[in-house]
Structures are given as structure tokens and as C-alpha cells.
Amino acid sequence: MIKDGDFVAIFNSIHRVMEAERLLKDKQLKILLIPAPRALAADCGLAIRYAEDVRGEVEGALAAAGLLPRDLYRKNGDSFVKIGDENEQA
């Protein structure tokens with residue numbers, strides 16, 4: 001379940017999302033591998049969900065490992081807002 005305010009990271013491939021999951025779980029960060037929401041149309045079908053309280057740690061770890069997601073969204077009510085493009089909704 002994706003709660004309002006949660007972040008959803010979409011990656012280019014299943015390999016990258018699985019590598020990102022392993023990295024973040026090794027760091028014991030509170031993340032969850034989820035089926036990508038249909039509204040976001042992920043190529044690999046999986047995404048990583050995390051909450052605001054671990055956002056900095058998650059994104060910092062992904063950046064340090066060269067595993068930044070293709071797209072990042074935040075759940076806002078019934079829709080998703082693309083981060084970096086907050087004026088448009090998915």
C-alpha cells in the first residue's frame with residue numbers, strides 16, 4: 001500500500017531495481033519493493049517505495065552507488081506527482 005506522501009522510485013530495468021533494493025536493505029533503510037503503480041507505467045514492473053523520513057538517506061545511498069531512479073514520484077491523494085515537475089500530475 002502506498003500512503004499519501006510516500007515516494008515511489010521507478011528504475012529503467014529489473015536489474016537496477018533489484019540492485020537498489022539490495023543496497024538499501026543492506027543499509028537497513030525502511031523501503032519496500034512493490035509492483036509499479038499502473039499510472040506510472042514502469043518498464044520493469046517493480047518500484048521502490050519509501051517514506052519522507054528516510055528520503056534523504058535513500059536518495060543519498062542511491063546517488064552514491066550510481067543507482068538513481070529514472071523517475072521519482074510522490075503520492076498526493078489519488079494521483080502521483082513527479083518530483084522535479086511538481087506542477088504536472090501522473
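# Notebook: sheet, helices and a few odd residues

I began with a strand pair: I34 sits across from A47 in β3. The model I have open is a predicted one, so I keep that in mind for everything below.

**Entry 1, the β2/β3 pair.** I followed the ladder from that spot and found β2 and β3 running antiparallel, with 5 bridges between them. I then checked how covered β3 is: 4 of its 5 residues come out buried, so I noted the strand as mostly covered.

**Entry 2, the other side of β3.** Here I looked for the next partner. β1 pairs with β3, again in the antiparallel sense, over 4 bridges. For A9 the bridge partner in β3 is I48.

**Entry 3, the whole sheet.** What is the order of the strands? I read it as β2-β3-β1-β4-β5, an open sheet of 5 strands with antiparallel pairing. β2 and β5 (79–82) are at the edges with a single partner strand each, so each has one side without a neighbour in the sheet. I also looked up the twist: on average, neighbouring strands are turned by 35° against each other, ignoring direction.

**Entry 4, the β4/β5 end.** I went to the β5 edge next. β4 and β5 pair antiparallel over 4 bridges. Two positions I wrote down: K75 has F80 as its bridge partner in β5, and Y73 stands opposite K82 in that strand. The two strands form a hairpin with 2 residues between them. In the turn, G77 has a positive phi of about 70°.

**Entry 5, helices on the sheet.** Which strands does each helix touch? α1 packs on the sheet against β2 and β3, and its direction makes about 30° with that of β3. α2 also packs on the sheet, touching β1 (7–10), β2, β3 and β4. The direction of α2 makes about 140° with that of β3.

**Entry 6, α1 up close.** I took the span of α1 (residues 14–26) first: its 13 residues reach 18 Å from the first C-alpha to the last, close to the 18 Å expected at 1.5 Å a residue. Then I sorted its residues by burial. V17, A20, E21 and L24 are the buried ones. Seen down the axis of α1, these buried residues fall within an arc of 100°, so they line one face of the helix. A reminder to myself: an α-helix has 3.6 residues a turn, so residues three or four places apart point the same way. Turned away from the buried side, I found the exposed residues H15, R22 and D26. The buried residues of α1 pack against β2 (31–35), β3 (46–50) and α2 (55–64), so I have α2 down as a packing partner of that face too.

**Entry 7, just past α1.** Q28 follows α1, and lies in the loop between α1 and β2. Its phi is positive, about 60°, although Q28 is not a glycine. Is Q28 buried or exposed? At 70% relative accessibility, Q28 counts as exposed.

**Entry 8, two aspartates.** I looked at D6 and D71 with one question: are they buried or exposed? D6 lies in the segment before β1. Its relative accessible area is 7%, so D6 is buried, the cut-off being under 20%. Leaving aside neighbours within four places in sequence, the contacts of D6 are M1, R49, Y50, A51, Y73, R74 and K75. Among them, Y73 and K75 had already turned up in my β4/β5 notes.

D71 belongs to strand β4 (residues 71–76). At a relative accessible area of 13%, D71 is buried as well. I found a polar contact of 2.9 Å between the side chain of D71 and the side chain of R70. With neighbours within four places in sequence left out, D71 is in contact with V8, A9, I10 and K82.

**Entry 9, A63.** Last stop for the day was A63, in helix α2. I get a relative accessible area of 43% for A63, which makes it partly exposed. I also took one long-range distance: the C-alpha atoms of A63 and M1 are separated by 25 Å, with the two residues 62 apart along the chain.

Terms used. Residues numbered from 1 in each chain as written. Predicted model: local features only at pLDDT ≥ 70, side-chain atom pairs only at ≥ 80, totals over all residues. Heavy atoms only, no water. Expected span 1.5 Å × (residues − 1). Buried < 20%, exposed > 50% of the residue type's maximum accessible area, 1.4 Å probe, protein only. Arc of directions from axis to C-beta. Contact = heavy atoms within 4.5 Å. Polar contact = N/O pair within 3.5 Å; in protein donor to acceptor, adjacent residues only side chain to side chain. Pairing = 2+ DSSP bridges. Axes fitted to C-alpha atoms, helices over the stretch in contact; angles between N-to-C directions.
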